[in-house]
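Student: I should like to take a close look at one part of this model and then see how it is placed in the whole. Please give the answer as one connected account.

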Amino acid sequence: ERNTPRSNYLREVEKRQLAPIPLVIRKEHQANGVYLANRGLGDERVGALISVIDSLPDVDTVDLNNNRLTDEALMPLMLKLQSMPTLTHLDLSFNKIDDSKNDDCALRTLILNGADVDDSEACNLADAISHNKSISTLCLAHNLLGKDENAAKRDKNISTGARGIAS
């Protein structure tokens, strides 16, 4: 009957009929973060974590780099991040980012390396960031930026990631 983040997570895993996996999500020397990079967890397993992530106290870092995530998990994650005022660092690199964005949080660092971000998504991201004045570091290496450059030379109505970010 305890209502701790751990017990809530275990109930969520059981509800989703997943075998719980022993994950160390907080490191003793970095107690204010959730570090699950490079585990290939997928949407379903991360969904169980997302259901309780906002109940973890004082989280300032979430690292879900390289976990095979899609908008199925990323959209609910973005909604949860809005209720986490201490969150300042988010790494979603090497996941498939499409429409997920959050322009109402205190992020200072957003890392989306290799996250399948194309020109139109970069423009949407740039628009969201223009409303979020707290972001000081944005990493977009190894994405699909610039693939629309040739088409944009022929048609000025086509936006490129570079133009969106620059504006």
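Student: Is Arg-68 buried, partly exposed or exposed, and what is its relative accessible area?

Tutor: The model is a predicted one, and what follows should be read as a description of that prediction. Arg-68 has a relative accessible area of 57%, and because exposed means over 50%, the residue counts as exposed. Arg-68 lies in the loop that links strand S2 (61-63) to H3. Its backbone deserves attention as well: the phi angle of Arg-68 is near 60 degrees, a positive value in a residue that is not glycine. As background, most residues other than glycine have a negative phi.

Phe-94 offers a second case, with a positive phi of about 55 degrees although it is not a glycine. Phe-94 is also a loop residue, placed between strand S3 (89-91) and S4. With a relative accessible area of 42%, Phe-94 is partly exposed, whereas Arg-68 is exposed.

The strands that these loops adjoin belong to a sheet. Five strands form an open, parallel sheet in the order S1-S2-S3-S4-S5. Strand S1 (33-35) and strand S5 (137-139) are at the edges with a single partner strand each, so one side of each has no neighbour in the sheet. From one strand to the next, the twist averages 5 degrees. In the parallel pair made by S4 (residues 109-111) and S5, three bridges join the strands. Within S5, Thr-137 is the residue that stands opposite Thr-109.

The helices enter the picture through the nonpolar core. The largest nonpolar core has 36 residues, and Leu-64, Leu-90, Leu-92 and Leu-112 touch the most other members. Helix H1 (5-15), helix H2 (42-53), helix H3 (71-81) and helix H4 (119-131) each supply at least two residues of this core. H2 gives the most, with six residues. H3, the helix that follows the loop of Arg-68, is thus among the contributors. Leu-90 shows how such contacts reach across the sequence: leaving aside residues up to four places away, Leu-90 touches Val-62, Met-78, Leu-81, Leu-107, Thr-109, Leu-110 and Ile-111. Thr-109 therefore appears twice in this account, as a contact of Leu-90 and as the residue opposite Thr-137.

The cysteines can be treated briefly. The count of disulfides is zero. Cys-123 is in no disulfide, and the nearest cysteine sulfur, that of Cys-139, is 19 Å away. Cys-123 counts as buried at 17% relative accessibility, while Cys-139 counts as partly exposed at 25%.

Turning to the whole, the protein has six helices and five strands. From the N terminus on, these elements run α-β-α-β-α-β-β-α-β-α-α. The radius of gyration is 17 Å, close to the 15 Å that the globule rule gives for 167 residues, so the protein is as compact as a globular protein of that length. The C-alpha atoms fill a box of roughly 60 × 30 × 25 Å along the principal axes. Of the 167 residues, 43% count as buried. Among contacts with a separation of 6 or more, 64% come from residues 24 or more positions apart.

Methods: Residues numbered from 1 in each chain as written. Predicted model: local features only at pLDDT ≥ 70, side-chain atom pairs only at ≥ 80, totals over all residues. Heavy atoms only, no water. Pairing = 2+ DSSP bridges. Helix = DSSP H or I, 4+ residues; strand = E, 2+ residues; numbered from the N terminus. Axes fitted to C-alpha atoms, helices over the stretch in contact; angles between N-to-C directions. Core = buried A, V, L, I, M, F, W, Y, C linked by side-chain atoms within 4.5 Å. Buried < 20%, exposed > 50% of the residue type's maximum accessible area, 1.4 Å probe, protein only. Contact = heavy atoms within 4.5 Å. Disulfide = S-S within 2.5 Å. Rg over C-alpha atoms; globule rule 2.2 N^0.38 Å.
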